[in-house]
Amino acid sequence: MNHPENDKWLDGALKETIGPERPRADFEQWKMKHPEAVEMLTSRIDKGASASPSPLSIRKMIMKSPITKLAAAAVIIIFAGIVLSLLGEGTPTFAQVIEPILNARTVVFDLIAGEDETGPVIHDIIKDSRIRRTMSNMPSIMIIDLDDGRMLTLDPQAKGAAYVDIKGPLQEATRSYLVLVREIVTKLKDHPEWWTITELGEQEIDGQRAVGFHVSGGDQQLTVWADPRMAVPIRIELRRRQSVIAIFKNIEFDVPVDDSLVSMDVPAGYTLHEGELNLSDFNEQDFIETLRIWAELLHDGKFPDRLSAEDFMAQVPLAGAKIDQLDISEEQKLQRGMQLGRGITFFQFLRHQNEYHYAGKGVKLGDAEKAIFWYQTENSQNWRVIYGDLNVKDVTPENLPKLYDEKYTQMTPVEVAQAFFQACKDENWDEVLKLDPASEVPQWLKDTYGGLEIISIGEPFKTDEYHGWYVPYEVRLKSGRIKKWNLALLNRAKGLQVDGGL
Amino acid sequence: MNLNSETTLVEAAQNGHLESFGALYERYHSSMVALAYSMLADRYLAEDAAQEVFAIACRDIGSLKSKERFAAWLAGICRNVSRQMLRANKGKPVALGDNPAAQNRDDMEDRREAIRRAVWSLRDPERELIVMRYFDGFSQEQISEVLDISSQAVNGRLVRAKRKIAKYLKRNGLTGGNYEPS
């Protein structure tokens, strides 16, 4: 019997017709448009009123949380900065729009880490080496002084203020986005031969007419939408392979920025927390405590399904609120909040510098048998393995938890390249996934590389800039085009994995 | 969904904690736009309706007794707001057939219009469900929570609604064979 409702075309047609674009939830904007409603809700604090009696912990959270909020805010802001540092290696743009990027003294923009435009939005006002940063999912304000490695965090609701030390690697990682973009543009100018620029024509972007350019080089891509009259970018999307890393929106160059907006002085009426908070000195123990907080307070005693930048960023405010509800002293809450921040920072640095693996999905906090996280330490062949009870052991590579088929973990660079292109030739995408860290094979890869013919695989080599392997290859694509390039391979827990060069 | 965390957020919001209300806003904004869209058939009106829904919720959250039914309570407000907007627009969903660009539309737009008509020919409960499912890909659990019906009911209603849409489209000469996604 035919079930028309099961037809895939109908699913596709309905989705295309009904849901072409996700609505954006912007609570900050909503608050601005509905001050009376906000006033009515917040006035309930003073009245102490609710439909039913509230637990003491909730009252406590509302009345006594400025410092923990400041700490949580500091965490997010720092975290947001690190998210962008992974752009690292150059990305491009083009002559018509690069001048303001290179020369502007002030820049204002909204930034979204990842591709979910309904997620938290970072709003930056940059003037020289100072940044004023706010986020859509919290009311706090951050003033960052990149020269001094110091940050002033302000809570406008509780009128609290605190200085945070971000010196050291964190200071370097929390670069101005403007600096980052300028570096990218400079690389494009210096090496135009590395990039391919495609004109995208004119479209309506973020409510205004814009002319677009797509720039790709290696596995990095940049899409820039610019005001056609003024030739200034209004939206920039950065991608690595097929993943969106960041979206800059509502960009304005050289707008007047009053010095008071980026002042490191505590504003009148704010109470300064004594002593400086410290996010700069993070270590493994901080990360372990972060895992504990995440499992205990946010996941009912189990470790989360995954550890990701986006999840941390979205859930830190809730974690901060949960810490506030604990029956511990204010000082202890503050320390736990800061530890949470340092733990996330540790993870962020680990993510970009070391090989690691997370296997905590479904594991209960306290389970001493199951390894939930392991990472390779610098200057050692051994790995640090964290178990479900949060104990840590040094483990040699051969004794690491066996999650993957040894056929793949023991492959040489040439074998991986050979196997990868053979799988593409056979259009065996399941096999491709065993050699690629992606969760699914993107359509462009299938379209471009499916059915290829291998001409040659060369001798692998290394460079100072990249800590993986390059394997030269020459293939004939189904289109007839011959591609000669270097496949980038990175050593991961499941063996050497394709990291770029396609 | 973590019910405990949601009831905690609702309770905190009832006590004037704006960030908690913000978290609820972030969680349900999209589903309220979808629900309003199912009644108004106009994306921009639906977004306006959702803004108003949260303004009312923000003012009245103290009156909510069953904290665990926040989503269903919000949906009730949303239906009321949407009805008021429909009345203000003389009772007619504005997106169907009133589009001035319709005279110049191409075949693809014709097909989309046929699908829209099929969806808006459904009864309210089925239309709500279809729009929520395809507007933003809400899961059965999320739909169940907002529409306050069981997951099984969501599933059954979805199948029936899709069957009706397919029949409507077939009658109008649109089948999988001649539909080409853009």
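What percentage of the 502 residues in chain A do buried residues make up? I looked this up first, keeping in mind that the model is predicted, and I found that buried residues make up 52% of the chain.

**Entry on chain A as a whole.** I then went through the secondary structure of chain A, which comes to 15 helices and 21 strands. For contacts in chain A with a separation of 6 or more, I noted that 55% are between residues 24 or more positions apart. I also looked up the accessible surface of chain A, which is about 23,000 Å², with 48% of it belonging to carbon and sulfur atoms.

**Entry on the nonpolar core.** I turned to the largest nonpolar core, which has 74 residues, and I wrote down W30(A), F21(B), M32(B), I130(B) and L169(B) as those that touch the most other members. Helix α2 of chain B, residues 18–40, gives the most to this core, with 12 residues. I picked I130(B) for a closer look and, leaving aside its neighbours within four places in sequence, I found it in contact with L14(A) and I18(A) from chain A, and with V119(B), L122(B), L158(B), A161(B), K162(B) and I165(B) from chain B.

**Entry on the loop and helix α3 of chain B.** Following the chain on from α2, I came to A41(B), which lies in the loop between α2 and α3 of chain B. A41(B) counts as buried because its relative accessibility is 2%, and buried means under 20%. I noted that A41(B) and L86(B) are 45 residues apart along the chain, while their C-alpha atoms are separated by 9.9 Å. At the N-terminal end of α3(B) I found D42(B) as a cap, with a side-chain oxygen 2.9 Å from the backbone nitrogen of Y44(B). Helix α3 itself runs over residues 43–60, and its 18 residues reach 26 Å from the first C-alpha to the last, close to the 26 Å expected. Among the residues of α3(B) that are buried, I listed R43(B), L45(B), F54(B) and C58(B).

**Entry on E289(A).** Is E289(A) buried or exposed? I placed this residue in helix α9 of chain A, residues 284–298, and I recorded E289(A) as buried, because its relative accessibility is 12%. Leaving aside neighbours within four places in sequence, E289(A) is in contact with R336(A) and Q339(A).

**Entry on cysteines.** I looked for disulfides over all chains and the count came to 0. I also checked two cysteines for burial: C424(A) is buried, with a relative accessible area of 0%, and C78(B) counts as buried at 0% relative accessibility.

Technical notes
Residues numbered from 1 in each chain as written. Chains lettered and ligands numbered in written order. Predicted model: local features only at pLDDT ≥ 70, side-chain atom pairs only at ≥ 80, totals over all residues. Heavy atoms only, no water. Core = buried A, V, L, I, M, F, W, Y, C linked by side-chain atoms within 4.5 Å. Buried < 20%, exposed > 50% of the residue type's maximum accessible area, 1.4 Å probe, protein only. Helix = DSSP H or I, 4+ residues; strand = E, 2+ residues; numbered from the N terminus. Contact = heavy atoms within 4.5 Å. Disulfide = S-S within 2.5 Å. Expected span 1.5 Å × (residues − 1). Polar contact = N/O pair within 3.5 Å; in protein donor to acceptor, adjacent residues only side chain to side chain. Areas by Shrake-Rupley, 256 points an atom, 1.4 Å probe, with all protein chains shown as cover.
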